[in-house]
Amino acid sequence: MRTTDVPGALTRARGAVADAGGYPADETTDRDPDGRHRSKVVLRVPPEHYDALLARLSGLGEVLSREVSAQDVTDQVVDVDSRVTSQRASVARIRALMDRASSLSDIAALESQLSTREADLESLEAQQTSLKDRTGTATVTLLLRQPGASSDPTPDDGTFQDALSDAWRAFTAAARWVLVALAAALPFAAAAAALYGLWRAVRGRLPARRSDGRHTAAPGADGAAGTDTDTDTDTDEPAAQEETADPTAPDAPKAPGVSGEAGRSPR
């Protein structure tokens, strides 16, 4: 509806729904970017007073549009009512069994069953209440605005400050998750570092192995610290030198199968 006095029309709408035995369920009032008033109010009224309320509301200003819709929820109401009845009977049976139970194990099991079924019953009763409210009252959504006012609020694209605020919240959330991950990995990293240090300490005490399979004495060993025991050295010992036998020596051995005239060429 369009009216020059939105606050006054809103007050009269509240009075009309109260006279019809209903109540305002929700209300929103604001201004468009040009400062014109806009209001949206949801009214609940008993179905028998629905037409009378619409007649009174139509006198608040110029009616621009009207839309009426109805939804049949009869099957849903019948189904929920039946389930509520069955669930109440189930709860009563569990309570009767608890009165006759003698052992603690039976009582504990029955209490668990009773808690589950009572929770289901409460959920069904909430659905039943909601359906009764929907079927027991008619809903009228009234939109009031001044001439020239936009029908819908202008979408808020946000400001630079809002963008910075959102970015900061995202950053703090990411940092918090990173810190949680590091805290979870810290014990494992400490254990790995300790094992690595122990391995390095044990490895330093083991003898080094040469490429030819022989061990090298560890540093600080008795006798020759850091000396390779397999190093070849030059000595003047006769056993380490290779001598050439003189064939003219009197004690020189003769080669097998060669006579004393060896060395003379045949004529």
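Is T137 buried or exposed, and what is its relative accessible area?

**Exercise 1. Place T137 and describe its surroundings.**

Let us begin with the ground rules. This is a predicted model, in which local features need pLDDT of at least 70, side-chain atom pairs count only at pLDDT 80 or more, and totals for chains, interfaces and linings use all residues. Residues are numbered from 1 along each chain as its sequence is written, and side-chain values use heavy atoms, with hydrogens and water left out.

Step 1. Find the residue: T137 sits in the loop between α4 and β3 (138–145). Helices (H or I, at least four residues) and strands (E, at least two) are DSSP runs, numbered from the N terminus.

Step 2. Classify the residue: T137 is buried, as its relative accessible area is 18%. Buried means under 20% relative accessible area, exposed over 50%, and partly exposed in between (1.4 Å probe, protein chains only).

Step 3. List its partners: leaving aside neighbours within four places in sequence, T137 is in contact with R44, V45, P46 and P47. Contact means heavy atoms within 4.5 Å.

**Exercise 2. Sketch the whole chain.**

Step 1. Take the elements: the chain has five helices and five strands. Their pattern along the sequence is α-β-β-α-α-α-β-α-β-β.

Step 2. Look at burial: of the 267 residues in the chain, 17% are buried.

Step 3. Look at contacts: among those between residues at least 6 apart in sequence, 68% join residues at least 24 apart.

Step 4. Add the surface: the accessible surface of the chain is about 20500 Å², and 54% of that belongs to carbon and sulfur atoms. Accessible areas come from the Shrake-Rupley method with a 1.4 Å probe; for residues, only the protein chains shown count as cover.

**Exercise 3. Compare the span of helix α4 with its expected span, then find its buried residues.**

Step 1. Helix α4 covers residues 104–136, which is 33 residues. The expected span of a helix is 1.5 Å times one less than its number of residues.

Step 2. From first C-alpha to last, α4 reaches 47 Å, close to the 48 Å expected.

Step 3. The buried residues in α4 include L110, L114, L121, L124, Q128 and L131. Part of their cover comes from α3 (74–100).

**Exercise 4. Follow L10 to its partners.**

Step 1. L10 lies in helix α1 (residues 6–19), and its 5% relative accessibility makes L10 buried.

Step 2. Not counting residues up to four places away in sequence, L10 touches E27, T29, S39, V41 and L144.

Step 3. Take T29 from that list: it is 19 residues from L10 along the chain, and their C-alpha atoms are separated by 9.6 Å.

**Exercise 5. Examine three salt bridges.**

Step 1. Set the rule: a salt bridge is a side-chain nitrogen of Lys or Arg within 4 Å of a carboxyl oxygen of Asp or Glu. By this rule the count is eight.

Step 2. E62 and R2 form one of them, with their closest N and O atoms 3.0 Å apart. E62 lies in the loop between α2 (50–57) and α3 and R2 in the segment before α1, so the pair ties together parts that are 60 residues apart in sequence.

Step 3. E27 and R14 meet in another, at 2.8 Å from N to O. This pair links distant parts of the chain, with E27 in strand β1 (residues 23–31) and R14 in helix α1, 13 residues apart. E27 is partly exposed at 35% relative accessibility, and R14 is partly exposed at 30%.

Step 4. D32 pairs with R36, their closest N and O atoms being 3.8 Å apart. Here D32 is buried at 6%, whereas R36 is partly exposed at 28%.

**Exercise 6. Find the aromatic pair and classify it.**

Step 1. Searching the whole structure gives one aromatic pair. The ring centres of Y196 and W199 are 6.0 Å apart and their planes are at 35°, so the pair is tilted.

Step 2. Check the rule: rings of Phe, Tyr and Trp (its six-membered ring) pair if their centres lie within 6.5 Å; planes under 30 degrees apart count as stacked, over 60 as edge-to-face and the rest as tilted.

Step 3. Y196 and W199 are three residues apart in helix α5 (residues 160–205), so about one helical turn separates them. Y196 is partly exposed at 48% relative accessibility, and W199 is partly exposed at 49%.
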